[in-house]
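Biologist: I have the sequence and the model open on my bench screen. Could you walk me through the terms you use?

Modeller: Gladly; let's look together.

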Amino acid sequence: MSRYAEAHAKPNGPGDARPTALQIIKDEGVEGKLKGEVIVITGTSSGIGIETTRALATTGATLFLTARDVAKAQSALAGIFEPSRMEIIEMDQADLSSVRAAAAAILAKTSKIHLLVNNAGIMAIPDLRLTTDGHELQFGTNHLSHFLFYKLLEPALLAAASPDLPSRVVSLASSAHNVHGINNPDNYNFQKGGYDPSLAYGQSKTANIYMANEIERRYGSRHLHSTSVHPGLVQTGLTQHMPPDAFKGMEFLYPTMKSVEQGAATSVWAAVGKAWEHEGGKYLANCAVAEPYAEGDDKFSAPGYAPHAYEVEKAKRLWGDSLKLVGLPEE
C-alpha cells in the first residue's frame, strides 16, 4: 500500500492533506542529492509543469526545460530559474521540426539524460484542427511530439542508464483515457469523421500510456524505466478550451480536486521515488499504482485505469505506426 493512501482516502479539496511535489522530494530524501544528473521536462511555462520544475530543481540536477513561449516560461519560472544549471529551450509541439530542433539543442549540450518528464499537453480542442504536419492536434501534440522527442533523446537516456542508476521516462496521461482508446490506424486523425473533443483527448492520453508501457517492455532490461501518471483534477490553463459550464452539475468532484502543487506530486513520485528506480510499465494515480476502473465512476475523474490501458498488441501497433508518422525508420 502507498504511504500516501490514508491522505487520499477522504479528499477535501485543493490544499488538503494530500502530498505536494515538494513533500515527495523531502520524503524521498533527494534534496540536493541529484547533482550531476540531467533532467528534461516539457511544458514548463504553466500549470503542473511549473511545480514539477520547482520540485525537481531542489535536487540539484541540471535541468533542460521546454516551452512553446520561452518568455512566458522565463516569467513563470522567475524565482526558480538558475541559469548556471537550467536552460529553457523553445519547442512547439504542434510542429515536429521544432521538436527535432529542441532535441538537437539539448543533445548539443549533453550526451546523457537521466530523466525525461513528458509533461506538456493540450485538451478539449472544440473542433478538428491539425498540427503543422497534418495530425489531429491533440494526438499530434500530446502523443506524436513526445514520441519523437523521446526517440531522439533515447540514446542519451540509454547512455546514462546503469544498474546502479537507471534512467526514467515519466509521461503525463489522464483519467480521460477511460473515455476512449486509440482509433484504427487509418483514423488516428478522425479523417473518417466522428471528431469529438473528449474522444480525441482520450485517444491521446491512451497513447501516452501505451508509449510508457512499450518503453518499459523494450528497454526495462537495459535499465531504462517508464511510467505514466494521472495528475488528478487540477484547475490549470489546460481547461482553457472547455465551455464555462463544462463542470455544471459536477460539484461532487470538488473534494477530489487538487492544488497545482498537489497535482505535480505523482509526476515527481514517478520521477524520483525509490519504488520506480528498477521498475516501470505502470499507470500511476494519487502517488500509487492505479487500480482498475470501477464501473459507475465518472470516467473523467476516476483514478482507475480502463481495460484497454494494458493491451500489449495495441501498444505495439501504435509504436510502429508512430515511427512512420514522425518519419523514423522501422525497428
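Biologist: Which residues of H9 are buried?

Modeller: The buried ones are Ala265, Thr266, Ser267, Val268, Trp269, Ala270, Ala271 and Val272. Before we go on: this is a predicted model, where local features need pLDDT of at least 70, side-chain atom pairs count only at pLDDT 80 or more, and totals for chains, interfaces and linings use all residues. Residues are numbered from 1 along each chain as its sequence is written, and side-chain values use heavy atoms, leaving out hydrogens and water.

Biologist: What makes H9 mostly covered?

Modeller: Buried means under 20% relative accessible area, exposed over 50%, and partly exposed in between (1.4 Å probe, protein chains only). In H9, 8 of its 8 residues are buried, so the helix counts as mostly covered.

Biologist: Why is serine 198 called partly exposed?

Modeller: Its relative accessibility is 26%, which lies between those two cut-offs, so serine 198 is partly exposed. Serine 198 sits in helix H7 (residues 197–219); helices are DSSP runs of H or I with at least four residues, and strands are E runs of at least two, numbered from the N terminus.

Biologist: Which residues have the most contacts inside the largest nonpolar core?

Modeller: They are Ile24, Leu56, Leu63, Val268 and Val272, in a core of 38 residues. H9 gives the most to this core, with 6 residues. A nonpolar core is a set of buried Ala, Val, Leu, Ile, Met, Phe, Trp, Tyr and Cys residues joined through side-chain atoms within 4.5 Å.
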